[in-house]
Amino acid sequence: MAEAAVPPSGALANGGSRLMGVGGDGSNGGGGDEGGGDGLVPHPCLQTEFDALFQYSRPRKPGLRTRVVSARHRCAPAALPGRLLRLLLGLFPALSWMPRYRRQDLVPDIISGFTVAVMHIPQGMAYAMLANVMPIVGLYMAFFPVLLYVVMGTSRHISMGSFAVVCMMASKAVLRYAVIPDGPDAPNFNATAAPDAAAAAAGLPADAQYTPEQVVTALCLGVGLWQVALGLLRLGGISVFMSDTLVSGFTTAAAVHVMSSQVKNLLGLRGLPQRNGVLKIVYMYVDMAQHIQDTNFIALGISVCYVSALFIYNEFLKPRVARRLSFPLPVELAAVVTGTLLSYFLGLSGKIATLGAIPTGLPAPTPPPMELLPTLLIDSLLIAIIAFSVNMSMASIFARKDHYSVDANQELLASGFSNVLGSFFTCLPFAASLSRSLIQHVVGGRTQVASLVSCSALLLVLLVLGPYFEPLPNCVLASIVVVALKGMLVQIVDFPAIWRRSRADGIVWICTFFSVVLIDIDYGLFIGIAFSLASVLIMGQKPKTSRLGRVPGSDIYLDFTRYHAAVEVPGVCIVQIAGGLHFANKDYLNRKLQRIIAVREKEIARKMKKEGAIALTMDKQTEIEAGNDLSTKLLGKDGDTSQIKFLILDMSSVCFVDPSSLKGMETIYEDFKVKGIVLCLAECSAQVYERMVNCDFFWKFPDAQLFAAVHDAVLFALQASHPDGNDVGAAAKEA
């Protein structure tokens, strides 16, 4: 049984041989790389000696008694008011920054708020159409939930409200459970779709008849409850499961869905069947092709004019205007106003699809249909994660630019409670918009007071101006949506760059994109997350290994395949392991090390044969043919490898180990011991080494073969190769 080791200090990167040579009795054995001036041989510093030299002690965690006493002090009556105040300020951050609001921020916030409100009007009405609900719902969701987010949110710049991808995802539930009206004032001119089969499959009453607004409010409530639950569980880091590559592929594919859903409005087609499930987009285009003769040429002409005008402005005129004006021109609002006036004066309401009746005033608070919640759990969870990921991405960008912090868990709570509030006022789930957030920041918005100003402007529209937009053609809103999607659609040109940077990321992008486009948004997202996690697991299953060589005249060891000044130490194979060691890769590591030793032996054999200095003795019983099985030919009479005597593992880049991997390391030690190869470990981190001690790793592995630095292990190997002491100093200097 090997002697148990003392845990390490953790400061292991600069080993003992760089600092001093420590003799067994604690005396200086000749420090430095070349030995002391008195001719003593440099002594390799064992890990136990390193710990004793630098007074290592393992940090102790507070015991149960200490934690109980500390908790009792925190819950004492005297400390309770302070804790409640901190809880209140944490839950409502506006209570902290509102009293310190600066007067010089008021004018920029007012300008920014009115500018964003102008964008909310066309975007809100257009994106509401994606969810097959009344266009006014898009304005509701930019008003009611935003009021609460201003008080609870931690981001100063993101503009919350309608978001195309979230609205598109919500439309799936609407098409499944709601009865969508047909007629000249229907949101998307869809045929009546009674969802009897879906309602029956979900366990709903057979005679259940839900309006699109009822379905989206139930969905909004579900999204809010999921986000509140995730926030209370402190799961704000859930967005890390959605990498930038995954989000890029998903949003690009979602943009394809959004654009495809608007083509029928651009063409003025009516009465098309609703499509859901696999290959939905393909069937949508087949239906449109079969009804192409029903194209409304008035709607088509308006669509061509508005799409062309908006595209030309965004691509060619907008950059020039931005250099001369400090605020953006509201071209989308101009499109809405001109489209409304054109339809009104030309009498187009009966000839093409228009918004129709728009209610004035604020909706009365109405609870969503609670019986729909169980059937919408999965849909609401997906939307909750997507919306939160978008929110945190936008919030983090602006926080880094302006040097402030955002709290992911608080953002979950703010979004969740805001969605719960919005569900009682006919709202869709809301999220941050990239375009509006950028405008709010660029125009000069400094706090969420800009959102309050935006809500005030929208209140005027809801109370007074809503009916004036009733003649607005649907094809104008569809044109605004299609042009706005350009930013997401052009992400497809980023794919070659993603593929060049990382094949794994490229596979995740392309699988996510085609899964979302060809299957469906929710299933495609699940598939994308699965591929993303699988790529992480595959990378973690194979830790990186590299052979190290020594830079002559130093104690620096580098990957000799990359640094050609480094040379390998004769008789010693040094391998650096990078990554985590766990149950899934312990066998892979064993096979990898076996292959590395075999390759090293073949290289040595080829070099010796090339120099004419190799002499092979053929065994008469085995009759091994010359030139075959070099590893066998290098075995001595006792079966020991004649060239490689020491295998040193550089553990400095190993971030963690688990008990199974330590069992695998013991197997590696035993396997190489049988072959006559001594296994040494070097530069283990404190966390890794303490895990070794906890798992009784040193009952089998001798702690005398664990070193503070790679150079200490090399010195040990050289001294062990010269047990009689002859030329040890010369060998050490040569190494």
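**A hairpin and its neighbours**

Strand 3 and strand 4 make a hairpin, with 6 residues sitting between them. In the turn, Gly553 takes a positive phi of about 80°. This comes from a predicted model, and the hairpin is a handy place to start looking around it.

The two arms of the hairpin, strand 3 (residues 544-550) and strand 4 (residues 557-559), are paired in the antiparallel sense, with 3 bridges holding that pairing. To spot the pairing on screen, go to Gly549: its bridge partner in strand 4 is Leu558.

Strand 3 also pairs with strand 5, which covers residues 572-581. These two strands run antiparallel as well, and 5 bridges join them. Here Ser546 is the residue to pick out, since Gln576 of strand 5 stands opposite Ser546. Strand 3 thus has pairings with strand 4 and with strand 5. As for cover, strand 3 is mostly tucked away, with 5 of its 7 residues buried.

Zooming out, the protein chain has 30 helices and 8 strands. It runs to 735 residues, and 50% of them count as buried. Contacts in the chain often reach a long way along the sequence: taking those between residues at least 6 apart, 80% link residues at least 24 apart. On the outside, the protein chain exposes about 34,300 Å², and 63% of that area is supplied by carbon and sulfur atoms.

Technical notes. Residues are numbered from 1 along each chain as its sequence is written. This is a predicted model: local features need pLDDT of at least 70, side-chain atom pairs count only at pLDDT 80 or more; totals for chains, interfaces and linings use all residues. Side-chain values use heavy atoms; hydrogens and water are left out. Helices (H or I, at least four residues) and strands (E, at least two) are DSSP runs, numbered from the N terminus. Buried means under 20% relative accessible area, exposed over 50%, partly exposed in between (1.4 Å probe, protein chains only). Contact means heavy atoms within 4.5 Å. Accessible areas come from the Shrake-Rupley method with a 1.4 Å probe; for residues, only the protein chains shown count as cover. Two strands pair if DSSP finds at least two bridges between them.
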